Amino acid sequence: MGRRYSAKGKKKRKLEDGATSRDDDAAELPPPEDDEGKGEEDATERDETVEVAEGIPVLPRPVDGRKRPRAIFVLERACLEVGKVGKTMQILNSDDHANYLRKHNRNPADYRPDIIYQALLAIFDSPLTKAGRLQAVYVRTEKGVLFEVKPNVRLPRTCKRFCGLMSELLQKLSITAVGRREKLLNVIKNPVSQYLPVGSRKIGLSYSADKSVNLNDYVAESSDDEALVFVVGAMAHGKIDGAYTDDYIQISSYPLSAAWCLGKICTALEQKWDIQ
């Protein structure tokens, strides 16, 4: 014991010129009763660090000085609704929350967040988007909540992660990029028409539309001088409200899923603009 204290004493004398000893550090620590406060501060710092790290990754934007026509998509009636299940807020779906929905006198078949997820993947994984020819995507939920998805967002690769992201968006109203302040998903005010370019051509798609067209020919004949806005339903049943559309068309003799419909639109635009 004596040797140990002797060693400390020698170390303290050696550090007196400028450094602070460990004994001095121990003497300067706050009293034990303040440890709780310190722990709260540390926890706050950790929370703040998490908040900074929160967000979703972004894709590099193609660098092109030329001004080129780009597409805009509006996805209507998306099945995205937040509910408190147990102690957590979750996006309700027919697989995991069927009993919860029936208990609240709701039809589980109407709760299909996978539809909007697949629809968004069809757009964002397309060569059209990767070539930088996507201008904007707007999503309106069945409850009337409107939000924008920026073209350079990289969506989660699983539906479960996507639902977690949507739950956070509908509660916090915006999602930023990882390590940035740029808002990649942002809840905005209705109506969506105020965000569409002046003079744009708004095209609604529905199986029940009276006008049937060959989509490739329809897109090829459109003018590049007017922005093309495609309005597609992202719900399990029903049709979109075509009140603000300029044209209302049917592109197949069969009912198509939102993802398949959007895939056909992207392919038609890629052919028109020679995107390989």
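Leaving aside its neighbours within four places in sequence, which residues is Asn-93 in contact with? The legends below describe close-up views of a predicted model, and the first view takes up this question.

**View 1. Asn-93 and its surroundings in the loop between β3 (88-91) and α4.** Apart from neighbours within four places in sequence, the contacts of Asn-93 are Ala-98, Leu-101, Tyr-111 and Pro-113. Asn-93 has a relative accessible area of 12%, so it counts as buried. The side chain of Asn-93 also meets the backbone at two places. A polar atom of this side chain lies 3.0 Å from the backbone nitrogen of Asp-95, and the side chain reaches the backbone nitrogen of Asp-96 at 2.7 Å.

**View 2. Arg-140, a buried residue in strand β4.** The relative accessible area of Arg-140 is 16%, which is under 20%, and therefore the residue counts as buried. Two polar contacts of its side chain are shown. One joins the side chain of Arg-140 to that of Glu-76, at 2.7 Å. The other joins the side chain of Arg-140 to that of Asn-190, at 2.7 Å. Beyond neighbours within four places in sequence, Arg-140 is in contact with several further residues, among them Leu-75, Val-145, Pro-191 and Tyr-244.

**View 3. The cis peptide bond between Asn-190 and Pro-191.** Omega of this bond is near 0°. Most peptide bonds are trans. Pro-191 sits in the loop that links β7 (183-188) to β8 (201-205). Both Asn-190 and Pro-191 are among the residues in contact with Arg-140, the subject of the previous view.

**View 4. Two residues other than glycine with a positive phi, Asn-105 and Leu-173.** Most residues other than glycine have a negative phi. For Asn-105, phi is near 55°. Asn-105 belongs to the loop between α4 (98-103) and α5 (113-124), and it counts as exposed because its relative accessibility is 74%. For Leu-173, phi is near 75°. Leu-173 lies in the loop between α7 (159-172) and β6 (174-176). With a relative accessible area of 46%, Leu-173 is partly exposed.

**View 5. An open sheet of nine strands with mixed pairing.** The order of the strands is β6-β7-β5-β4-β1-β10-β8-β11-β9. At the edges are β6 and β9 (211-212), each of which pairs on one side only. Two bridges connect β9 with β11 (residues 247-250), and this pairing is parallel. Lys-211 has Ile-249 of β11 as its bridge partner.

**View 6. Helices α5 and α9 against the strands.** Helix α5 lies across β1 (71-78), β4 (134-141) and β5 (146-149), and runs at about 175° to β4. Helix α9 (residues 258-272) packs on the sheet and touches β1, β8 and β10 (228-233). The direction of α9 makes about 165° with that of β10.

**View 7. The largest nonpolar core, with 52 residues, and a second, separate core.** In soluble globular proteins, nonpolar side chains tend to be buried together. Within the largest core, the residues that touch the most other members are Phe-73, Leu-75, Val-137, Leu-185, Ile-265 and Leu-269. Helix α5 supplies the largest share of this core, eight residues. The second core has 14 residues, including Leu-146, Leu-196, Ile-240 and Tyr-244.

Note on methods: Residues are numbered from 1 along each chain as its sequence is written. This is a predicted model: local features need pLDDT of at least 70, side-chain atom pairs count only at pLDDT 80 or more; totals for chains, interfaces and linings use all residues. Side-chain values use heavy atoms; hydrogens and water are left out. Helices (H or I, at least four residues) and strands (E, at least two) are DSSP runs, numbered from the N terminus. Buried means under 20% relative accessible area, exposed over 50%, partly exposed in between (1.4 Å probe, protein chains only). A polar contact is a pair of N or O atoms within 3.5 Å; within protein, one must be able to donate a hydrogen and the other to accept it, and residues adjacent in sequence count only if both atoms are side-chain atoms. Contact means heavy atoms within 4.5 Å. A nonpolar core is a set of buried Ala, Val, Leu, Ile, Met, Phe, Trp, Tyr and Cys residues joined through side-chain atoms within 4.5 Å. Two strands pair if DSSP finds at least two bridges between them. Axes are lines fitted to C-alpha atoms, for helices over the stretch in contact, and angles run from 0 to 180 degrees between N-to-C directions.
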